[in-house]
Amino acid sequence: MSDKTILPRAETLTCNKISDFEEISAGDRKLRLYILSPTLVRFRYASSDIWQRDFSYAIAKTDHPKTDYTVEVMENEVVINTGVIVIKIKAELSVTICDENGKIVLEDNGPVILNTHYENGTTTIRSSRKIHHGEHFYGLGDKPEHPDLRNHSYTLWGTDQYGFYRHTDPLYKSIPFYIGLHAHKAYGIFYDNTFRSYFDFGKTHHHECTTTFDGGEMNYYFIYGPEMIDVTRQYTLLTGTPEFPPLWALGYQQCKWSYSPESQLYEICDTFRKNEIPCDVIYLDIDYMDGFRCFTWDNEKFPNPKKMIADLREKGFKTVVIVDPGIKIDETYNIFNEGLENKYFCRKGEGGYISGKVWPGDCYFPDFTNPEVRKWWSGLFEDLIKDKGVKGVWNDMNEPALFEVPNKSFPNDVRHNFDGEECSHKKAHNVYGMQMARATYEGVKKFTYPERPFVITRSTYCGGQRYSSAWTGDNIASWDHLWISNVMTQRLSISGFSFVGSDVGGFIDSPSPELYVRWIQLATFHPFFRTHSSGDHGDQEPWSFGEEALAIVKKFIKIRYRFLPYIYSAFYQYVKEGTPMLRPIYMFDQHDMHTHYRADEVVHGDHVLYAPMLEEGLTSRSMFFPKGIWYHYFTHKSYKGGAEHRVDVALDSAPIFIKAGAVIPHFPEMNYVGEKPVMELELRVYYTPGTEKSMLYEDAGDGYEYLNGKCNVKHFYVKGDKKSVHISQQVTGNFKPSYSTYRLKLIGFPDAISAVFADGKSVTLEDENTAIVPQHFGGVDILF
C-alpha cells in the first residue's frame, strides 16, 4: 500500500465555544483555539473527532486569566479579535495573524498536512508559513550557528556529539521554540511536540518556513510581542522558571575528568585558597564511583568521602558529583537489583530490557517518564546528599547516549510509560534527559532542604529549566569554540534557559594561555561559570598557564564575585518575570536593524554589555553599541550607542561596558560566597543626563525564608542634568542585610563633584568620587 497524504478540501466553517476553547470545524478536520491572553494563543489540530491526550511535560503555567475576545463566523473564514491581534482562519484551517493595525505578523502557506506512511506505520505532520521580506529567525536552543536561523535547516533530536563543531546538528537539547522578527515586530512559535522535528527557515524554498514532526499532533503556541524580550518572557513563564539557586552556584566552579584520588582534590582546593582565587564548587566526575556504578564510591580512592566533603566545606567548597542514567548490569549491585525487581528499566518492543554500553559496561536504563521510577530515583540521593554532604548533582549522558551503536541512542521500538500513556522511544527520546533531571532535582531538593538544590544537565526539552542548569556539552579548546560558546549561551537564554554556560577553555584538547584567559573573560558573565576539561589533554586550573595568565584569570574571577549581587538580581528577573539573563543586542535593541545580524555583543541583565575577543593576538576589536550611552568598565570612557566603535582591549582587559544611569551593586572581594559578612555594599553610579532605573534583589543567598518575605527588592531611580544627579530608592521586603551603608562610586560625571546630600543631610566625600550613605536612604543629591 502506498503512502497517503491528507490534503484538506475547502469546507464551510463552523465555530463552537466548548469549555475554554473555540473549536472550528471544516468537515472532519478540527482546530481548537485557546485564547490564553491577548498575545498568547494555542492551536491544536486533529483530522477527525478523535483527539490525542492533552498532556505536556513542557507547560508550567495553566492558570491563565480570562481574556475577552470577539468571534465573527463567515462561510469561508472565522475571525477572532483579542484586542491586540486578529486571527483569521480560512476554510482549509490555515491561519493568518495580524496586529491591531491590520499588518500581517504570521501567515500560513497552506493547511497543516498529515502524511501516513503505510509501509512502516508512521505518520508525519507538517506546517508551512510564508517568510516575509527581511524576516529574521532566532532561538531553537543550542544550535552552534550564527544567531539568525534564516536560510538554514535544523533537526531536534537529543544527540551526544563529542567534539562538535560549528554547524553540527542535531545536538544535546531539543527546544522547538523560535522567534520571528520582521518590520521591527517580534512573535514566537512554540511547538509542544516531543517527536523528532525538522525546521527549515527558507533553506529549501527561500520564502517558505516549514516544520515537520515524525508523529504526535500539530500543537503550537503563538506568542506576540511585539518586543522580542516580551516574546521570551511569555514563553519562559509558560514553560516555567527555576527556583532561586543558592548564591554559591553563581560563583566560580572547577571541574575535571577526573579529580582522583581524594589527595588530588585536597591539593586542588588548597591551591585555590593559597593563591586566593575565588572558587565555590569542586566536581567529582565518574572516577569517584566503584566501577562507574551510580550512587557508589571507590573506597580505595575515596576512603572517607563524608570527611573529605566536610573538610572541603570548611574551606568554602561545595562538592558536586556526576550521576549518569546507565545502571550497570550486576547482580551484586543493589540499585540494579531494585530496578530489576520493580521493573523500572526501559523495555524493548518485544518485551526484553534495552541494554547498552556506557561507562560501566553493559547497562539498563531507568524509564524516567514513569512517575514511580522518578520517585525511586529521587530517593537514591539520600546517601550522597543527606549522609555524605554532597551539595549538587550533575547529570550527563542523558540524551540518552549509548556507545557502539550507529544512532548513539536507544532504538525507536523501546517502550516508555510517558506518565500513564505508553509510547515508543520516538515520542519519549527528547524528554528523557529532562525527566532524569526532574527526578534528580526532586531528590536533591528533598535531601538538601532547608538549603536550595543545584542540578546541572546536558540534555533537556522545553520546560527543563524548571529543574536544572545546563552546559553546552563536549566542546573543544579552540577560538572557534569560544565564538560558539558565546552564541549558544545567548540562544539558550532567549529560548527560556538562562542558567547556562560552557566548559571554559574547552573540554577537548588544551587551550593556549591566551585562549584560556579570553574564555574566562567571556564566561565572567555567563550565569553558569565552570572550567571543565578532559584529563587526557593536560591540566586546566587557573594556575596551569603561567604567572601572567594566572594574574589575569584571578582578576576576572574576582570581578565575577564583585558582580554577584548584580547577577543574582538578573536571576531574580528571570525567575519572577521570565526575562532572559543574557540578552543579545538584536533583542536589546531590535528597532535598530544593524543589530539584527550581530552575533558577538550581549547585554547581561539590564545594564552590562560585553563581547568576546575571538582571535589570537588581538588587542582591539570593533563593537556595535546598542541605544544609550555606555561607559567602559575599566577606563570609564563613554561611547554613544547606535554606532560601531573600535575598542582597545589589552590581554588583561575585556570589552565590558555599563549603561549610563545604571546603579551597579558590587560585593567586596571574597574567596567564596559567605566567607565573610558584607559590611558595606558598593554601588557604582554611572552618570546620565537623562533617567534610568536599576534593581537590586537580596536575600540570605540560600534557604527558603525569602518565601516568607525575608527578601528585598530595591529600585534605584537616577535622574541627571548638567549640574546635578538625583538618586531615589524604593524598597519592598523585610530582609535585614549585614551591611548598613552604601559606598557610592560616582563614575562619568562631567565635572568635579562639589557636594553630596543624603535625605537632605550633607555627606563628606571620601575622595573625589566616593561617598558613604545610609543603606536605607530615600534620596541622594549629587551636585557638580
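**Exercise 1. Work out how far helix α7 is enclosed by the rest of the structure.**

Solution. Start with the burial count: 21 of the 24 residues of α7 are buried, so this helix is largely enclosed by the rest of the structure. Buried here means under 20% relative accessible area, with exposed over 50% and partly exposed in between (1.4 Å probe, protein chains only). Next, place the helix: α7 covers residues 425-448. Helices (H or I, at least four residues) and strands (E, at least two) are DSSP runs, numbered from the N terminus.

Then check its length. From first C-alpha to last, α7 reaches 33 Å, close to the 34 Å expected at 1.5 Å a residue; the expected span is 1.5 Å times one less than the number of residues. Finally, look at valine 431, where α7 bends by about 50°. That bend is the angle between axes fitted to the seven residues ending there and the seven starting there.

A word on the model before we go on: it is predicted, so local features need pLDDT of at least 70 and side-chain atom pairs count only at pLDDT 80 or more, while totals for chains, interfaces and linings use all residues. Residues are numbered from 1 along each chain as its sequence is written, and side-chain values use heavy atoms, leaving out hydrogens and water.

**Exercise 2. Find how many disulfides the structure holds, then inspect cysteine 279 and cysteine 363.**

Solution. The structure holds zero disulfides, a disulfide being a pair of cysteine sulfur atoms within 2.5 Å. For cysteine 279, the nearest cysteine sulfur is that of cysteine 269, 6.9 Å away. For cysteine 363, the nearest is that of cysteine 294, at 7.5 Å. Now add accessibility: cysteine 279 is buried at 0%, and cysteine 363 is buried at 0%.

**Exercise 3. Describe the surroundings of serine 424, serine 485 and methionine 623.**

Solution. Take serine 424 to begin with. It sits in strand β28 (residues 423-424) and is buried, with a relative accessible area of 17%. Leaving aside neighbours within four places in sequence, serine 424 is in contact (heavy atoms within 4.5 Å) with Asn412, Val414, Arg415 and His416.

Move on to serine 485, in helix α8 (residues 479-494). Serine 485 counts as buried at 2% relative accessibility. Beyond four places in sequence, its contacts are Ser502, Trp519, Leu522 and His526.

End with methionine 623 in strand β37 (residues 620-625), buried at 0% relative accessibility. Apart from neighbours within four places in sequence, methionine 623 has contacts including Arg598, Leu609, Ala643 and Phe657. Arginine 598 is 25 residues away along the chain, and the two C-alpha atoms are separated by 9.4 Å.

**Exercise 4. Identify the residues nearest the centre of the largest cavity and of the largest pocket.**

Solution. First, the terms: on a 1 Å grid over the protein atoms alone, a cavity is a set of points where a 1.4 Å probe fits but cannot get out, and a pocket is an open set with protein on both sides within 12 Å along at least five of seven lines; lining residues have an atom within 4 Å of a point. Grid points are joined across faces, edges and corners, and a volume is the space filled by probe spheres set on the points.

The whole structure has five cavities of 30 Å³ or more. The largest cavity, about 230 Å³, is lined by 17 residues, with Gln52, Arg53, Phe55, Asp192 and Lys427 nearest its centre.

The largest pocket has a volume of about 550 Å³. Among its 27 lining residues, Leu247, Val673, Gly674, Ala700 and Gly701 lie nearest the centre. Strand β44 gives the largest share of this lining, three residues.
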